[in-house]
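Q: Please take a close look at one part of this model, the largest pocket, and then set it against the rest of the chain. I would like the cut-offs spelled out where a term depends on them.

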Amino acid sequence: IVFFSFTLNFLWESLHGFLLYTDHIISSDQYVRMMVYMSFMDAVTILGIYIFLAFISKDILWLKETGLHRFIIFFILGLLVGIFAEYQAVYVSHEWHYNDKMPLIFGIGLSPLAQLSVTGVFSLWITKRLICW
């Protein structure tokens with residue numbers, strides 16, 4: 001889960017970082033370090049959501065025998081975490097800013113809003129395919 005979520009988030013972060021945010025005009029080595037760090041934090045967050053659902057369901061291997069409903073719950077939790085994290089980073093701590101190309105939903109960027117949910121569910125789906133093969 002961590003490998004796939006890190007990889008998918010690295011790709012997502014790298015693409016939307018320079019396209020949809022301001023203040024990302026930095027040297028390439030700084031940019032790559034920033035993308036690695038952000039992708040690692042995203043992977044840890046996705047793992048945290050997985051572990052939270054494992055705790056709730058009392059089954060650490062819930063992914064192995066899960067249906068669509070847990071993927072939907074995971075997706076919703078990813079959205080909630082994404083809303084909180086993005087609001088905090090943009091409007092409270094002012095860690096980054098959107099450029100005029102970022103589509104917004106209630107003032108929160110669509111790309112970062114969807115990121116954890118989409119990359120998380122896709123990471124779980126890939127992992128499930130591998131462990132149930």
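A: What follows begins with the pocket and then moves outward to the cores, the chain and a few single residues.

This is a predicted model, in which local features need pLDDT of at least 70 and side-chain atom pairs count only at pLDDT 80 or more, whereas totals for chains, interfaces and linings use all residues. Residues are numbered from 1 along each chain as its sequence is written, and side-chain values use heavy atoms, with hydrogens and water left out.

The volume of the largest pocket is about 570 Å³. A pocket here is an open set of points on a 1 Å grid over the protein atoms alone, where a 1.4 Å probe fits and protein lies on both sides within 12 Å along at least five of seven lines; lining residues have an atom within 4 Å of a point. Grid points are joined across faces, edges and corners, and the volume is the space filled by probe spheres set on the points. The lining of this pocket holds 25 residues, and those closest to its centre are Glu 13, Met 38, Asp 42, Glu 86 and Trp 96. Two or more lining residues come from each of helix H1 (2-20), helix H2 (28-57), helix H3 (68-92) and helix H4 (110-131), where helices (H or I, at least four residues) and strands (E, at least two) are DSSP runs numbered from the N terminus. H2 supplies the largest share of the lining, 7 residues. By type, the lining divides into 12 nonpolar, 8 polar and 5 charged residues; Ala, Val, Leu, Ile, Met, Phe, Trp, Tyr, Cys and Pro count as nonpolar, Asp, Glu, Lys and Arg as charged, and the others, Gly among them, as polar.

Two residues of H2 show different surroundings within that helix. Ser 39 lies in H2 and counts as buried because its relative accessibility is 0%, with buried meaning under 20% relative accessible area, exposed over 50% and partly exposed in between (1.4 Å probe, protein chains only). Apart from neighbours within four places in sequence, Ser 39 is in contact (heavy atoms within 4.5 Å) with Phe 6, Asn 9, Phe 10 and Glu 13, and Glu 13 is also one of the residues closest to the pocket centre. Thr 45, likewise found in H2, is partly exposed, with a relative accessible area of 27%. Residues up to four places away in sequence aside, Thr 45 touches Val 81 and Leu 116, and the C-alpha atoms of Thr 45 and Gly 78, which are 33 residues apart in sequence, lie 8.8 Å apart.

H2 also gives the largest share, 5 residues, of the largest nonpolar core. A nonpolar core is a set of buried Ala, Val, Leu, Ile, Met, Phe, Trp, Tyr and Cys residues joined through side-chain atoms within 4.5 Å. This core has 13 residues, of which Tyr 50, Leu 53, Trp 62, Leu 63, Phe 71, Phe 74 and Leu 124 touch the most other members. Beyond its neighbours within four places in sequence, Tyr 50 is in contact with Ile 1, Ile 60, Leu 61, Trp 62, Leu 63, Phe 74 and Leu 124. A second, separate core of 9 residues includes Leu 20, Met 102, Ile 108 and Leu 113.

For the chain as a whole, there are 4 helices and 2 strands, in the order α-α-α-β-β-α from the N terminus on. The radius of gyration, taken over C-alpha atoms, is to be set against a globule rule of 2.2 Å times the number of residues to the power 0.38: for 133 residues a compact globule would have a value near 14 Å, and the chain's 15 Å agrees. The C-alpha atoms fill a box of roughly 45 × 30 × 20 Å along the principal axes, and 39% of the 133 residues count as buried. Among contacts between residues at least 6 apart in sequence, 69% join residues at least 24 apart.

Two loop residues deserve a note on backbone geometry. Most residues other than glycine have a negative phi. Lys 58, in the loop between H2 and H3, has a positive phi near 60° and is exposed, with a relative accessible area of 76%. Phe 106, in the loop between strand E1 (104-105) and strand E2 (108-109), has a positive phi near 55° and is exposed at 85%.
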